Amino acid sequence: SEKHMLEFIAFVEHELGVEKAKLEKMLLYSPQLLGLSVKGNLRPKIRFLIDEVGVAEEQIGKVIGTFPNILGYSVENNMRPKLAYLAEHVLEVPMAKLGRVVWKCPQLLGYSLERRIKPRFELLRARGIRLGLSRMLAPTDAAWSQMLEAHDLVQREAEQEKELVTRAIRSYTGPDRLPEWVEAQGCWVVIDAPGRK
């Protein structure tokens, strides 16, 4: 109804502070949002983002203006599980500390928890790689695969180099001495093998 539409527009523009140009774009590309109830749907989502995620009230308009799809996401089936996983496993902070993250990159709420966030984080963790959220989530699947392949190639080359150096040092020092890479100093040292004097 027209009354419902006007209520939606007033809420988004005046209460949330979404700029008029962004509101117009939102209505053009996501007209289905007009069907959402302000009282029963939108206000609870905004309260969740402010009260439980920590998005500052003065930033909520920017968040919604940047990524209006958030208004169509379920708190319980989408946003809460995603943000809880990011908070607990990826960033290791309380969920209430994610406000700045959501403000800076609201699009992260658009990524699938099961098909993108979890699998990518698990792959990184298994390889001992730490990346920021946007570097972890934004690349396409093809770019992501290339990035992992490049990392794995560098790791293999480093292991091969280490093996070659180890053999060269052992052939020079004999079996009684063991080469050891000291990361902090960035050099090799030769130590006595255990059990040998």
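Nine salt bridges are counted in this structure, which is a predicted model. The tour begins with several of them, then moves to the aromatic rings, the core and two arginines.

**Stop 1: E52 and R80**

Select E52 and R80 and show their side chains. The two form a salt bridge in which the closest N and O atoms are 2.4 Å apart. E52 belongs to helix α3 and R80 to helix α5, so this pair ties together parts that lie 28 residues apart in sequence. Colour by accessibility next: E52 is partly exposed, with a relative accessible area of 34%, and R80 is partly exposed as well, at 24%.

**Stop 2: E122 and R125**

Go to helix α7 and pick E122 and R125. Their salt bridge has its closest N and O atoms 2.8 Å apart. This bridge stays inside one helix: the residues are three apart in α7, which means a separation of about one helical turn. The relative accessible area of E122 is 36%, so this residue counts as partly exposed. R125, at 47%, is also partly exposed.

**Stop 3: D152 and R127**

Stay with α7, select R127 and add D152. A salt bridge joins them, with 2.8 Å between the closest N and O atoms. Because D152 lies in helix α9 and R127 in helix α7, the pair ties together parts 25 residues apart in sequence. Relative accessibility is 22% for D152, which is partly exposed, and 30% for R127, which is partly exposed too. Now add R47, D51 and E57 to the selection: salt bridges with shared partners join these three residues into one network.

**Stop 4: the aromatic pairs**

Hide the charged residues and show the rings. How many aromatic pairs does a search of the whole structure find? The search finds two.

For one of them, select F67 and Y73. The ring centres are 6.2 Å apart and the planes meet at 55 degrees, so the pair is tilted. F67 is buried at 13% relative accessible area; Y73 is buried at 17%.

For another, select Y85 and F121. This aromatic pair is edge-to-face, with 6.2 Å from centre to centre and 85 degrees between the planes. Y85 sits in helix α5 and F121 in helix α7, so the pair ties together parts that are 36 residues apart in sequence. Y85 and F121 are both buried.

Return to Y73 and add K82. The charged end of K82 sits over the ring of Y73, at 5.5 Å from the ring centre.

**Stop 5: the nonpolar core**

Which residues have the most contacts inside the largest nonpolar core? Select V12, M26, I64, L71, L83 and M136: these have the most contacts within a core of 48 residues. Colour the helices to see where the core comes from. At least two of its residues are supplied by each of α1 (2-15), α2 (20-29), α3 (38-52), α4 (60-66), α5 (75-91), α7 (113-127), α8 (133-137) and α9 (141-173). The largest share, seven residues, comes from α5.

Centre the view on I64. Apart from neighbours within four places in sequence, I64 is in contact with L16, V18, M26, I46, I70 and L71. Of these, M26 and L71 are also among the residues with the most contacts inside the core.

**Stop 6: R120**

Return to helix α7 and select R120. Is R120 buried or exposed? With a relative accessibility of 4%, R120 counts as buried. Follow the side chain to its polar partners: it reaches the backbone oxygen of M136 at 3.1 Å and the backbone oxygen of L137 at 3.3 Å. Expand the selection around R120, leaving out residues up to four places away in sequence, and the residues touched are M136, L137, A138, P139, T140, D141 and W144.

**Stop 7: R100**

End on R100, in helix α6 (residues 99-104). R100 has a relative accessibility of 54% and so counts as exposed. Add G54 and measure between C-alpha atoms: R100 and G54 are 7.5 Å apart in space and 46 residues apart in sequence.

Methods. Residues are numbered from 1 along each chain as its sequence is written. This is a predicted model: local features need pLDDT of at least 70, side-chain atom pairs count only at pLDDT 80 or more; totals for chains, interfaces and linings use all residues. Side-chain values use heavy atoms; hydrogens and water are left out. Helices (H or I, at least four residues) and strands (E, at least two) are DSSP runs, numbered from the N terminus. Buried means under 20% relative accessible area, exposed over 50%, partly exposed in between (1.4 Å probe, protein chains only). A nonpolar core is a set of buried Ala, Val, Leu, Ile, Met, Phe, Trp, Tyr and Cys residues joined through side-chain atoms within 4.5 Å. Contact means heavy atoms within 4.5 Å. Rings of Phe, Tyr and Trp (its six-membered ring) pair if their centres lie within 6.5 Å; planes under 30 degrees apart count as stacked, over 60 as edge-to-face and the rest as tilted. A charge sits over a ring if NZ of Lys or CZ of Arg is within 6 Å of the ring centre and within 35 degrees of the ring normal. A polar contact is a pair of N or O atoms within 3.5 Å; within protein, one must be able to donate a hydrogen and the other to accept it, and residues adjacent in sequence count only if both atoms are side-chain atoms. A salt bridge is a side-chain nitrogen of Lys or Arg within 4 Å of a carboxyl oxygen of Asp or Glu.
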